[in-house]
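Got your viewer open? Load the model and follow along, one selection at a time.

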Amino acid sequence: MHFDLTDLRLFVVTAEEGNLTRAAARQHLSLAAASARIKALETQAGLSLLYREARGMRLSPPGEAFLHHARGVLRQTEQLRMDLQEYGGGLRGHVRVFANTTAVTDFLPEILPGFLLDNPRVNIDLQEKPNAEIARGVLDGRADIGIVAGQVDTLGLRAIHFSTDRLVLVSSRQHRFAERQRISFAETLDEDAVAMQQGSTLQTFLMQVTEKLGKPLKLRIQLSSFDAMCRMIGAGVGVGIVPESAARRNQDSMQLALIELLEPWSVRERYILVREHEALPAYAQSLIDAICAHYKNPQALE
């Protein structure tokens, strides 16, 4: 079979839109031309790839398989184009990373400066995403590497364990919780809360927990970094749930008390996600090695 890249892009967009008219518009094709291209694809495949329905189109089982492979071909083609452009411009590599809030705001800023200094011809595109979208982005090829924490559906991706962190309750040393060694999350819900901004991975997770408990957080202020949270907590604005690594970094300078949470979910294993049977470029593997070396805990889970 010989497939045209324009046809593959059209098929992927049609699957995403569920509507050939919108897909044609996105690909700057007439409806008639788009319809002819889809029919030609099905003729080559010898199978019906899309069901035509009154409200649009949906994938048939063979179409699901075709979509998976079409995305893979387009991803590799795009990577080839980018690699050639980067070589032409003197750049050796470009790594796309989807990561959760803790990774983006807390520990990657410690790791990436040294990595970039050691790899001056490598660029990194780092984007903060929710855990579920991170795994999906790696699987679909929108990211080369994903960084997640906690209980996450890895969607069959290879997960490389690199560290373990713990969420703790943080208060000022004058707060009534400061003398406690351990506390349940439910006990904290009557207190004013200092939290991460809406949409962050941690805040989304805590909102899911409070929804199950049937009692919301008493949000006093929401911020964009754990260091800013610690500053507010130390000033007595409220209490907050923070990764232990960030809390300990600010513990003395901001006069913080750290209280262990009783909930099992407070222990968060951290993983790097990559596609299982796809070889990474050397510079992407170097970034993984740098992250694992930072924690000196490389352990692959197949």
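Start by selecting Phe3: its relative accessible area is 32%, so Phe3 is partly exposed (buried means under 20% relative accessible area, exposed over 50%, partly exposed in between, with a 1.4 Å probe and protein chains only). Before you go further, keep in mind that this is a predicted model, where local features need pLDDT of at least 70, side-chain atom pairs count only at pLDDT 80 or more, and totals for chains, interfaces and linings use all residues. Residues are numbered from 1 along each chain as its sequence is written, and side-chain values use heavy atoms, with hydrogens and water left out.

**Stop 1: the rings around Phe3**

Add Phe66, which is buried at 13% relative accessibility. How many aromatic pairs does a search of the whole structure find? There are seven, counting rings of Phe, Tyr and Trp (its six-membered ring) whose centres lie within 6.5 Å; planes under 30 degrees apart are stacked, over 60 edge-to-face and the rest tilted. Phe3 and Phe66 make one edge-to-face pair, with 5.4 Å centre to centre and 80 degrees between the planes. This pair links distant parts of the chain, 63 residues apart: Phe3 is in the segment before helix 1 (5-17), and Phe66 is in helix 4 (residues 61-88). Helices here are DSSP runs (H or I, at least four residues), as are strands (E, at least two), numbered from the N terminus. Now show Phe11 too: ring pairs link Phe3, Phe11 and Phe66 into a cluster.

**Stop 2: residues 3-60**

Color residues 3-60, where UniProt places "domain: HTH lysR-type" in an unreviewed entry (positions are in the numbering used here, feature names are shortened, and annotations may be inferred rather than shown by experiment). This span is 60% helix and 14% strand, and its end C-alpha atoms lie 19 Å apart.

**Stop 3: salt bridges**

The whole structure has 23 salt bridges, each being a side-chain nitrogen of Lys or Arg within 4 Å of a carboxyl oxygen of Asp or Glu. Pick Glu42 and Arg52, whose side chains meet in one of these at 2.9 Å, N to O. They bring together helix 3 (residues 31-45), home of Glu42, and strand 1 (residues 50-53), home of Arg52, 10 residues apart. Is Glu42 buried or exposed? Glu42 is buried at 12% relative accessible area, while Arg52 is partly exposed at 43%.

Next, show Glu16, Glu17, Arg22, Arg26 and Arg71 together: a network of salt bridges links them.

Then jump to Arg182 and Glu260, another salt bridge, with the closest N and O atoms 3.6 Å apart. Here the partners are 78 residues apart, with Arg182 in strand 7 (residues 182-183) and Glu260 in strand 11 (residues 256-261). Arg182 is partly exposed at 44%, and Glu260 is partly exposed at 29%.

**Stop 4: a charge over a ring**

Select Lys129 and Phe98. The charged end of Lys129 sits over the Phe98 ring, 5.1 Å from its centre (the cut-offs are NZ of Lys or CZ of Arg within 6 Å of the ring centre and within 35 degrees of the ring normal).

**Stop 5: helix 10**

Finish with helix 10 (residues 282-295). Its end C-alpha atoms are 20 Å apart, which agrees with the 20 Å expected of 14 residues at 1.5 Å a residue (the expected span is 1.5 Å times one less than the number of residues). Which residues are buried in helix 10? Show Tyr283, Ala284, Leu287, Ile288, Ile291 and Cys292. Just after helix 10, click Lys296, which takes a positive phi of about 50 degrees.
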